[in-house]
Amino acid sequence: MTSPLFQFNQVERLILSNVSFNLNEEDRLVIFGPSGSGKSTLLHLFNRMDDPETGDILFRGEPISQFSIPELRKQVGLVLQQPYLFQGTVEDNLRFGPDLFQEWDEQLAYRLLDYVNLPNDFISKSVDELSGGEQQRVSLARTLANKPDVLLLDEPTSALDDQNIAAIEDDLIDLIEKRHLTVVLVTHSMDQAKRVGTKGLYLEEGKIIEHGPIEELLEEPDTPELQAFLNRS
Amino acid sequence: MERDIPTYSLFLLLVFVMIPLTISYYYSLGLKKDIIWSTLRGTAQLFFIGLVLTYLFDLRPIVGIPIMLSVMITVATFHARKKGKEFPRAFISILFGLVIIELTVLTMWLSFGMISFSPDEVIPMSGMVIGNSMVAMGLALERLKNEFEQNRGQLIAALSLGATPKQAAHLSIKKTLNAALIPNIDQLKTIGLVQLPGMMTGLILGGVAPIVAIKYQLVISISIFSSVSISAIFISMIMYRFFFNQQMQLLKLEDIKKSAND
């Protein structure tokens, strides 16, 4: 049997306490819970944007600290809540990652725009001309440009309106399936959790309350904490 | 012929001070105290420095020049450090930068025969270079902090795409240097057209031929321009590193401050 892609063993960091779980290849894990429960902190441990105070994180069976940090972040891409595009054109943004690793080619740009459903002529557009939804698509394409195996999504649609949310979710699901991506999604939306995720991890005050298939978690919660959370959502 | 301003004329300068005072009073700007204090302080400082210079100019150059340069560099370091007190080793970095810049510029001036090693030439010229470098370092530090605070999102995005701190910070450093250098570039562009620079004006008023005054001005303007550029680049390249830790993670200014105080 192959080892899990990620193994978290008794990880502690800020509010996170005794966090242990595994993430397998092609899992689509949704991390959810109330505000301040440590969801984003946990997400940032996957690509070492943050490190645990105690505990171990293994990536492909090796301690995560043994990987070169730029290489790890290339393989484990992060999409942030806000697009945070760099000044310049859409192309400047798309080629930022590949340029760092000397892997840029012109054709990739058009494939990336296609992945996120933006027309080819967007390539030379200034980022200042884009709408909120378009900016978030470019941000997603920018992360995909590094050809990551794992996609970390930190509430990627929270700044968008309903129409854009549905469209980006569709693109995301399509992409995940086509490219066999492993996904870790932090979200406040239970609808999004159900649509995108296959597994769920419910956090409260930094502790894992429940972990398992997302359908089971959302439809038959075992703990009163999760039941109460779902009733409030 | 040496020109002088009669002492009674200096008292007439009070008329000029009365103008901002009246404006402050009329518009209730609340600057009355500041205007009076800065006028008194500035006047006292200048007379004091006049006495010190008179004394230093009488000393042997090898004694007088190092004393005055040390004082100027130390004061400039304390002043520039105020803008970067959050950073560890800010004082020593600024001091080191100013010493290297001053020594380089001075060596060039002397070896190219632009000025002679006498206090009345070295001290005023060095004062301008050190003063402008001090302002450039302070400005660069201030701007660097703002850039890193305002662009945290972009910096995190760049790091998460696999950029090293140097690659991630490139854009912020570029903006910092632009902001720190543009006033100087503009000044150099319009030199002599919009305003006659201070040194040149001083020399002409002192009876020096305009063409000689221009030569001195050119030496000082180009020297200031390059030392200001070097100062801003030097301090930005040293200080941006403190925004990142060994794990290529972005730190907040308060974390940097904490580590500076530890």
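This report describes the chains, strands, salt bridges and charged surface patches of a predicted model.

## Basis of the description

The model is predicted, with local features needing pLDDT of at least 70 and side-chain atom pairs counting only at pLDDT 80 or more, while totals for chains, interfaces and linings use all residues. Residues are numbered from 1 along each chain as its sequence is written, chains are lettered from A and ligands numbered from 1 in the order in which they are written, and side-chain values use heavy atoms, with hydrogens and water left out.

## Overall form of chain B

Chain B has 11 helices and 0 strands (DSSP runs numbered from the N terminus, with helices being H or I of at least four residues and strands being E of at least two). Along the sequence, the pattern of chain B reads α-α-α-α-α-α-α-α-α-α-α.

Taken along the principal axes, the C-alpha atoms of chain B fill a box of roughly 70 × 55 × 40 Å. Of the 262 residues in chain B, 37% are buried. Buried here means under 20% relative accessible area, exposed means over 50%, and partly exposed lies in between (1.4 Å probe, protein chains only).

## The enclosed strand E8 of chain A

Strand E8 of chain A spans residues 182-186, and 5 of its 5 residues are buried, so the strand is largely enclosed by the rest of the structure. A:Thr182, A:Val184 and A:Val186 point one way from E8(A), whereas A:Val183 and A:Leu185 point the other way.

E8(A) pairs in the parallel sense with strand E3 (residues 28-32) of chain A over 4 bridges; pairing requires that DSSP find at least two bridges between the two strands. Within this pairing, A:Val184 in E8(A) is the bridge partner of A:Leu29. Strand E7 (residues 150-154) of chain A also runs parallel to E8(A), and 5 bridges join them. Here A:Asp154 stands opposite A:Val186. In general, strands of a sheet pair through backbone hydrogen bonds, either parallel or antiparallel.

## The antiparallel sheet of chain A

Chain A also contains an open sheet of 4 strands with antiparallel pairing, in the order E2-E1-E4-E5. Strand E2 (16-23) and strand E5 (62-63) stand at the edges, each with a single partner strand, so one side of each is left without a neighbour in the sheet.

At the E5(A) edge, strand E4 (residues 54-59) of chain A pairs with E5(A) in the antiparallel sense over 2 bridges. A:Pro63 in E5(A) is the bridge partner of A:Leu58.

## Salt bridges

Side chains of opposite charge can pair when their charged atoms come close. A salt bridge is counted when a side-chain nitrogen of Lys or Arg lies within 4 Å of a carboxyl oxygen of Asp or Glu, and by this rule there are 19 over all chains. One of them joins A:Asp99 and A:Arg95 at 2.8 Å, N to O. Both residues are partly exposed, A:Asp99 at 35% relative accessibility and A:Arg95 at 25%.

A:Asp170 and A:Arg195 form a salt bridge at 2.9 Å, N to O. This pair links distant parts of the chain, with A:Asp170 in helix H7 (residues 162-179) and A:Arg195 in helix H8 (residues 190-196) of chain A, 25 residues apart. A:Asp170 is partly exposed at 43%, as is A:Arg195 at 39%. In chain B, B:Lys175 and B:Glu147 meet at 3.9 Å, N to O. B:Lys175 lies in helix H8 (residues 165-189) and B:Glu147 in helix H6 (residues 119-150) of chain B, 28 residues apart. B:Lys175 is partly exposed at 34%, whereas B:Glu147 is buried at 4%. Salt bridges that share partners also join A:Arg13, A:Asp50 and A:Glu53 into one network.

## Charged surface patches

Patches are made of residues with over 30% relative accessible area and no salt bridge, with like charges joined within 9 Å and nonpolar side chains (Val, Leu, Ile, Met, Phe, Trp, Tyr) within 5 Å. A positive patch gathers B:Arg41, B:Arg81, B:Lys82, B:Lys83, B:Lys85 and B:Lys257. B:Lys82 sits in the loop between helix H4 (61-81) and helix H5 (90-111) of chain B and is exposed, with a relative accessible area of 51%.

A negative patch is formed by A:Glu215, A:Glu216, A:Glu219, A:Glu220 and A:Asp222. A:Glu215 belongs to helix H9 (residues 214-219) of chain A and is partly exposed at 45% relative accessibility.

Technical notes
Areas by Shrake-Rupley, 256 points an atom, 1.4 Å probe, with all protein chains shown as cover. Lys, Arg positive; Asp, Glu negative; His and termini not counted. Charge placed at Lys NZ, Arg CZ, Asp CG, Glu CD.
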